[in-house]
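Welcome! Let us walk through this structure together, one part at a time.

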Amino acid sequence: MNLTLTYTYSLDEIEQAAQWVCTQANASKVWLLEGNMGAGKTTLAKAICLALGVTDTVSSPTFSLVNEYRTRAQEPIYHFDFYRINSLREAEDIGTEDYLYSGHLCLVEWSERIAPLLPDHCLIIRIETLPDGRRNLLLIQTNP
């Protein structure tokens, strides 16, 4: 059974949206950020990291595929962007499965490109751009 929650925000309310995601999230440690190009996946990932106490500079892992950040408590958060991945093998070669099953939070952009590697239980964060420029956030929690 899936549970879907909705939150609508403007870009200047991104911090509140990130806080909402963090308070509503289930026990899953793999959060899939879905949305069209330009929907704000990386922007939301940055805001989530800040909400969780990341002290590092958060940037898009578009070319490196994965960035590691540390919270004030020294907990790692892994941020992936698979937009430019050429093959599933490339994701396997960087140890994606080790990250995804590490028990640490993983924020994954363009997850559909590595679907066979994903755990059964993930939190889906779908961002839809509304005609007025605001964003509609769908938080889809699946039961394992």
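A good place to begin is a pair of facing residues: E68 has Y78 in β4 as its bridge partner. Please keep in mind that this is a predicted model. Y69 also has a bridge partner in β4, namely I77. Together, β3 and β4 pair in the antiparallel sense over 5 bridges. The two strands form a hairpin, with 5 residues between them.

**Backbone angles to look for**

What is the phi of Q74, in the turn of this hairpin? Q74 has a positive phi of about 65°, although Q74 is not a glycine. A positive phi also turns up at L65, another residue other than glycine. The table sets these two residues side by side.

| Residue | Phi | Location |
|---|---|---|
| L65 | near 75° | loop between α2 and β3 (66–70) |
| Q74 | about 65° | loop between β3 and β4 (76–81) |

Is L65 buried or exposed? L65 counts as buried, because its relative accessibility is 7%, and the cut-off for buried is under 20%.

**A closer look at Y78**

Let us return to Y78, which sits in strand β4. With a relative accessible area of 10%, Y78 is buried. Which residues does Y78 touch, leaving aside its neighbours within four places in sequence? The contacts are V66, N67, E68, Y99, S102, H104, L105, C106 and L107. One of these, S102, is 24 residues apart from Y78 along the chain, and the C-alpha atoms of the two are separated by 10 Å.

**The sheet and its helices**

Now step back to the sheet as a whole. It is an open sheet of 7 strands with mixed pairing, and the order is β1-β7-β6-β2-β5-β4-β3. β1 (2–9) and β3 stand at the edges with a single partner strand each, so one side of each has no neighbour in the sheet. From one strand to the next, the twist averages 20°. As a general note, strands of a sheet pair through backbone hydrogen bonds, either parallel or antiparallel.

Two helices pack on this sheet. α1 touches β1, β2, β6 and β7, and its direction makes about 165° with that of β1. α2 touches β2, β3, β4, β5, β6 and β7, and its direction makes about 165° with that of β5.

**The nonpolar cores**

Which residues touch the most other members of the largest nonpolar core? Among its 25 residues, they are V21, W31, L44, I48, L107, I125 and L137. Two or more residues of this core come from each of α1 (14–24), β2 (30–34), α2 (41–51), β5 (105–109), β6 (123–129) and β7 (135–142).

L137 shows how such a residue can be surrounded. Not counting residues up to four places away in sequence, L137 touches L5, T6, Y7, Y9, W20, V21, L44, I125, R126 and I127. Apart from the largest core lies another core, of 18 residues, and here Y78 appears again: its members include Y78, I114, C122 and I140.

**The largest pocket**

Finally, look for the largest pocket, which holds about 170 Å³ of space. It is lined by 14 residues, and those closest to its centre are M37, K41, T42, E109 and W110. Which element gives the most to this lining? That is α2, with 3 residues.

Terms used. Residues numbered from 1 in each chain as written. Predicted model: local features only at pLDDT ≥ 70, side-chain atom pairs only at ≥ 80, totals over all residues. Heavy atoms only, no water. Core = buried A, V, L, I, M, F, W, Y, C linked by side-chain atoms within 4.5 Å. Buried < 20%, exposed > 50% of the residue type's maximum accessible area, 1.4 Å probe, protein only. Helix = DSSP H or I, 4+ residues; strand = E, 2+ residues; numbered from the N terminus. Contact = heavy atoms within 4.5 Å. Pairing = 2+ DSSP bridges. Axes fitted to C-alpha atoms, helices over the stretch in contact; angles between N-to-C directions. 1 Å grid on protein atoms, 1.4 Å probe; cavity = no way out; pocket = protein on both sides within 12 Å on 5 of 7 lines; lining within 4 Å. Points joined across faces, edges and corners; volume = space filled by probe spheres on them.
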